[in-house]
Structure formats: C-alpha cells, structure tokens
Amino acid sequence: MTLNQLGDRYWQEYLRLNPLAATLYGYRDADAELPPPTEESEDETVRTMRDIIRRAEALDPVTLDTQDRITRAMLIDEAGKLVLGATERLEEMNIGPLTGPHTALLQAASQTTVTGETQAQDILSRYRKIPAFLGVYANRHRTGVKKGRVTTATNVKHVIDQIEG
C-alpha cells in the first residue's frame, strides 16, 4: 500500500468516526450520521489504525522525499493518537465544558449550513438520533465510573451549568 493510499484510508476512518466534522469539511454524505460511541467502534478503530501505522512504518523513509517523510511521520503520529484515545477508553470520561458529545453537537449545529431538501432531511435524520446517541454516551460514562474512570467534579459542574443554562 502506498503512502497516499494509507493517508486516504486514515482519512476515511477519521470521517467515519467524526461525521459531524465530515459535514463541516464538506463531506455531506455523512449528514445523517452521528459519531459511533461504542466500544466496538473503538476496537475497530484500533485495528485499522494499528494496521495503518504498521504499513506506514514499513515504508523506508530513505526512499521518500522530504514531504513524504513528513507525511509518513504525521500519519503515524495521528493514527497513534486515535489508537491511544480508543485503547484508553477516553470516551468513558469525556465530560467537560469544551469537550464531550454535547459540545460537539452544539458546535456542529451552529456551523452546519443546509442548501437543499436532501441536506435538510439528512440533518433532521441526524437530530432524531441524538437521544439514542446521548443514551449510549451516558451508558459509557456509567461504565467508566464503575471502572473508577471519572472526570473532575469541576468539569461535571460546568457541564450541568451549560445544560441548565
């Protein structure tokens, strides 16, 4: 697999994990989707990203020009960050005034433009999925608490204040 193919594979996985960002970047085929907040999705990400890292590390940097060496290093680093977040189950404790599912949803909603009927229907479909999406996140947080993985009380208080207005 070439470096460009690995980069494309990384990008497709990133967009699958981040359909809100995909919409903001102009990939409108993700408009009806929400991020997959499940452990199974994280496990899939780990497998995919580890494979990308393995393949990128197998590319001999001596055979690459300067730009491709930089791209290879960045690809390994960015894929590694996704592996770390997924293996550490950070979503189980992702509660904060600037992070978490509630802020991602609000940010995406405030920055999403709708230019036609299809986009409007897709965005409405996304919004209809929000209660179930937040329910999965709530269960993930409960799982994290049972494992002793909690965020700070200050972060929780700030989020409650945000939600209650």
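**Close-up 1. Glu13 in helix H1 of the predicted model.** Helix H1 covers residues 3–17, and Glu13 lies within this helix. Glu13 has a relative accessibility of 7%, so the residue counts as buried, the cut-off for that class being under 20%. The side chain of Glu13 is joined to the side chain of Arg16 by a polar contact of 2.8 Å.

**Close-up 2. Glu13 and its contacts farther along the sequence.** With neighbours within four places in sequence set aside, Glu13 is in contact with Glu44, Thr45, Thr48 and Met49. For one of these residues, Met49, the separation from Glu13 is 36 residues in sequence. In space, the C-alpha atoms of Glu13 and Met49 are 8.4 Å apart.

**Close-up 3. Glu42 in helix H3.** Glu42 belongs to helix H3, which spans residues 39–58. The relative accessible area of Glu42 is 8%, so Glu42 is buried. A polar contact of 2.8 Å links the side chain of Glu42 with that of Arg89. Apart from neighbours within four places in sequence, the residues in contact with Glu42 are Ala86, Arg89, Glu91 and Arg140. Arg89 therefore appears both in this contact list and as the partner in the polar contact, a pairing that involves the buried Glu42.

**Close-up 4. A nonpolar surface patch that includes Tyr27.** Leu24, Tyr25 and Tyr27 make up this patch, which has an area of about 290 Å². Tyr27 sits in the loop between helix H2 (19–24) and H3. With a relative accessible area of 35%, Tyr27 is partly exposed.

Methods: Residues numbered from 1 in each chain as written. Predicted model: local features only at pLDDT ≥ 70, side-chain atom pairs only at ≥ 80, totals over all residues. Heavy atoms only, no water. Helix = DSSP H or I, 4+ residues; strand = E, 2+ residues; numbered from the N terminus. Buried < 20%, exposed > 50% of the residue type's maximum accessible area, 1.4 Å probe, protein only. Polar contact = N/O pair within 3.5 Å; in protein donor to acceptor, adjacent residues only side chain to side chain. Contact = heavy atoms within 4.5 Å. Patch = residues over 30% accessible without salt bridge, like charges linked within 9 Å, V, L, I, M, F, W, Y side chains within 5 Å. Areas by Shrake-Rupley, 256 points an atom, 1.4 Å probe, with all protein chains shown as cover. Salt bridge = Lys/Arg side-chain N within 4 Å of Asp/Glu carboxyl O.
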